[in-house]
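Student: I'm new to this one. Could you pick a single helix and take me through it closely?

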Amino acid sequence: METQENHEINGFIDFASSLTPLEKEAEEALACVLRQKSYEKGNYLLEEGTVCSRIYFIDSGLVKTFFYTDTREFIMRFFPEGSMFTELGSFVTRRPSDYSIEALEPTEITYLDHADLEKLCSKYHSMETYFRKLVSLAAVNMMDRIGGTLEEKAQVAYRKFLKEQGKLLQRISLADLASYLGITQVSLSRIRGMK
């Protein structure tokens, strides 16, 4: 009988395997170093100013990555269950992060530490390929996000969010959605009121 912990570890391994096939030995070594953690709503997985040392897989729940300026919060991404991510800049450079990651709901994660990833990559080519593909996907997603923010009007950005991530609408606050879209809550209310 599979335990809940094994099921959650399998989610991480299945996602990694979807990026590149892992040989059995690499998969077993990965399973040995994966860890789980629970976060309550409002808890931080990562705080600005600390080095991101983990690749996260969301087993259940929802998180946001964000940063503050002098005047407001900017949300970069939402990550629901089934997502794998890290704060890439900090994870790769080993420098303190400019971003924070916060649980928007009670959240269960499986994570891989940077030091363990380094060991696995030096021993297994498939793990190195997995990480390269994860970094590539993260870079593409971030470029899409930046490009969309720069070129889209708020109404277009809102429609795009509804199309691509509409199922999250019931799980996030309107303040967070406005922050993600880079607009005020008043502007968001106006856009939502349009037919």
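Tutor: Let's look at helix α2 and what surrounds it. This is a predicted model, where local features need pLDDT of at least 70, side-chain atom pairs count only at pLDDT 80 or more, and totals for chains, interfaces and linings use all residues. Residues are numbered from 1 along each chain as its sequence is written, and side-chain values use heavy atoms, with hydrogens and water left out.

Helix α2 covers residues 24-33, and Ala 26, Leu 30 and Val 33 are buried in it. (Helices are DSSP runs of H or I, at least four residues, numbered from the N terminus; buried means under 20% relative accessible area and exposed over 50%, with a 1.4 Å probe and protein chains only.) Looking down the axis of α2, you'd find its buried residues within an arc of 65°, so they line one face of the helix. That arc is taken from the directions from the helix axis to the C-beta atoms. Lys 24 and Cys 32, on the other side of α2, are exposed.

Now follow Leu 30 inward. Leu 30 is among the residues that touch the most other members of the largest nonpolar core, which has 36 residues; Ile 55, Leu 112, Met 127 and Tyr 130 are the others. (A nonpolar core is a set of buried Ala, Val, Leu, Ile, Met, Phe, Trp, Tyr and Cys residues joined through side-chain atoms within 4.5 Å.) Helix α1, residues 4-19, gives the most to this core, with five residues.

Met 127 leads back to our helix: leaving aside neighbours within four places in sequence, its contacts (heavy atoms within 4.5 Å) include Ala 26 and Leu 30.

Methods: Helix = DSSP H or I, 4+ residues; strand = E, 2+ residues; numbered from the N terminus.
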